[in-house]
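This briefing looks at how a protein surrounds its ligand and then turns to a few points of backbone geometry. Please keep the sequence and the structure in view while reading.

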Amino acid sequence: MEKIVVKGGYKLSGEVNIDTAKNSVLPIIAASILCGDRCCIKNSPRLEDVNVICNLLRSMKADIEFDGNDIYINTRNMVPIEPNKELVGKMRASFFIMGPMLARFRRFKTALPGGCNIGSRPIDLHLKGLAALGATITQGHGYVEATAPKLKGNRVYLDFPSVGATENILMAAIFAEGETIIENAAAEPEIEDLAAFINYMGGKIIGAGTDTINIIGVNSLHGTTHTPIYDRIEAGTFMVAAAITRSKIKINGVKQEHLKPVVAKLKECGVIMETTDNGIIVNATEELCPVDIKTMPYPGFPTDMQAQMMSLMCTVPGTSLITETVFENRFMHASELKRMGANIKIDGRIAIVEGIEKLSGAEVKASDLRAGAALILAGLAADGITTVNDIYHLDRGYVEIEKKLKKLGAEIKRTI
Ligand code: EPZ
């Protein structure tokens with residue numbers, strides 16, 4: 001099994017270019033089902049999750065070709081057969097095809113989704129929303145099926161601003177009769193990007209990126225070409241890489257407005273952040289101080305940056321409280337950080353971190369995508385060698401992270 005080996009203690013310098021966002025590209029690929037036409041998603045990151053969702057659509061007769069980082073998808077010949085169960089089980093986002101398949105084919109059956117083990121990850125909000133649009137939902141034996149003669153627009157209130165549920169319901173509503181209003185919707189930039197893609201195809205979506213989204217049903221969509229937004233979580237991960245090594249680097253391609261809570265927290269910690277025309281200069285050469293973090297739905301502090309910030313707080317003398325409000329089991333990286341000498345106490349949804357002078361390199365294991373990134377960041381600052389195992393989690397969401405860090409001056413390599 002591949003692993004990443006890091007020798008700690010090296011400063012970083014130079015510039016890093018951020019890829020487009022996995023959490024934008026995945027729902028956009030799902031949305032291409034709606035048009036039954038040819039679409040091009042440009043500059044897509046070559047990630048395992050992108051391969052999985054493309055193979056999922058291919059298993060239902062979509063034509064998909066890669067030309068470098070551009071993905072050419074023609075969903076004209078797609079059929080609503082049950083997608084490959086193994087592929088569905090690999091990734092939570094595989095469930096994002098439910099909405100568009102139901103909208104276009106009026107019926108769809110799929111195995112329940114898999115994904116990271118950061119929580120139970122139920123789909124009740126997805127199903128409640130689809131049912132509100134008139135779908136009949138049946139579940140059993142690990143499968144869920146939705147059928148609908150014709151979906152009808154409705155007002156849907158989400159008990160929690162779920163990203164996936166917002167995306168699934170939004171896509172299901174595209175051809176529904178009349179208007180759909182999603183209230184308490186998730187407002188992440190990736191949802192705004194998905195809505196932009198669908199509107200370029202001829203959809204009528206207003207308010208994406210706010211907590212209330214209006215969708216006016218249309219009869220059909222046509223193909224389009226779209227370049228997704230940059231990956232704010234990858235950018236945030238590199239911001240923490242600069243902070244944890246007390247370095248100064250430039251991060252190209254990130255929109256500061258998509259990372260306000262992360263930039264604000266790093267500034268509070270003592271990191272100097274300077275916005276440039278196409279990115280951000282992160283300068284962490286000064287003494288840093290501990291900060292408290294509480295993850296919230298967007299525009300709050302992103303849960304996908306919690307693990308990375310915990311690694312940073314382990315290296316900043318003093319006490320920081322990290323509260324994870326979005327997922328119920330997203331502190332698995334804490335036990336691995338403790339193997340590196342970190343002083344962390346977990347009390348339910350709160351982690352109490354006592355920063356220490358120096359972490360020590362150790363053999364550790366990635367439990368999920370962002371935990372893997374957090375352990376690499378900790379290795380950059382640790383004394384000695386850190387080996388991160390199970391890095392297949394990382395390859396789901398980061399394109400060659402070790403090569404980007406090496407280019408910035410880290411002593412890091414991928415080995416078998
Ligand atoms: C998306 O997952 C992202 N994945 C996650 O990124 C991200 O952490 C998450 O949103 C929150 O921002 C993709 O976009 C592919 P949710 P999603 O539905 O849609 C509960 C990464 O690292 N919930 O917003 O699955 C759920 O249990 C990944 O890139 C229900 O209760 O997240 C969780 O506690 C990890 N019922 C909370 O909502 C439902 O029907 C947030 O989940 C749906 C969700």
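A residue is counted as near the ligand if one of its heavy atoms lies within 4 Å of it. The model is predicted, and 24 residues surround the ligand, of which Asp124, Leu125, Ser162, Asp304 and Val326 come nearest. The topics below cover the pocket and its contacts, the make-up of the shell, and unusual backbone geometry.

**Pocket and polar contacts**

- The ligand occupies the space that forms the largest pocket.
- On the side-chain side, an N or O atom of Asn23 is 3.0 Å from an oxygen atom of the ligand, and a polar side-chain atom of Arg121 lies 2.9 Å from an oxygen atom of the ligand.
- The backbone also takes part, with a polar backbone atom of Val163 at 2.8 Å from an oxygen atom of the ligand.
- Taken alone, the ligand exposes 820 Å², and the protein buries 91% of that area.

**Make-up of the shell around the ligand**

- By class, the shell consists of eleven nonpolar, eight charged and five polar residues.
- At least two shell residues are supplied by each of helix H1 (22-31), helix H5 (124-132), helix H6 (163-172) and helix H12 (369-381), and the largest share, three residues, comes from H5.
- Both domain 1 (3-18 + 230-415) and domain 2 (22-226) contribute to the shell, each with at least three residues.

**Backbone geometry**

- Most residues other than glycine have a negative phi, and most peptide bonds are trans, which is the background for the three cases that follow.
- Tyr298 and Pro299 are joined by a cis peptide bond with omega of about 10°, and Pro299 is found in the loop that runs between strand E17 (293-294) and helix H10 (306-314).
- Asp390, a residue other than glycine, has a positive phi near 55°, and Asp390 lies in the loop between strand E22 (385-389) and helix H13 (392-395).
- Glu400, likewise a residue other than glycine, has a positive phi near 45°, and its place is the loop between H13 and helix H14 (401-407).

Terms used. Residues are numbered from 1 along each chain as its sequence is written. This is a predicted model: local features need pLDDT of at least 70, side-chain atom pairs count only at pLDDT 80 or more; totals for chains, interfaces and linings use all residues. Side-chain values use heavy atoms; hydrogens and water are left out. A polar contact is a pair of N or O atoms within 3.5 Å; within protein, one must be able to donate a hydrogen and the other to accept it, and residues adjacent in sequence count only if both atoms are side-chain atoms. Accessible areas come from the Shrake-Rupley method with a 1.4 Å probe; for residues, only the protein chains shown count as cover. On a 1 Å grid over the protein atoms alone, a cavity is a set of points where a 1.4 Å probe fits but cannot get out, and a pocket is an open set with protein on both sides within 12 Å along at least five of seven lines; lining residues have an atom within 4 Å of a point. A molecule sits in a cavity or pocket if more than half of its atoms lie within 2 Å of its grid points. Helices (H or I, at least four residues) and strands (E, at least two) are DSSP runs, numbered from the N terminus. Ala, Val, Leu, Ile, Met, Phe, Trp, Tyr, Cys and Pro count as nonpolar, Asp, Glu, Lys and Arg as charged, and the others, Gly among them, as polar. Domain bounds come from an automatic or database domain assignment.
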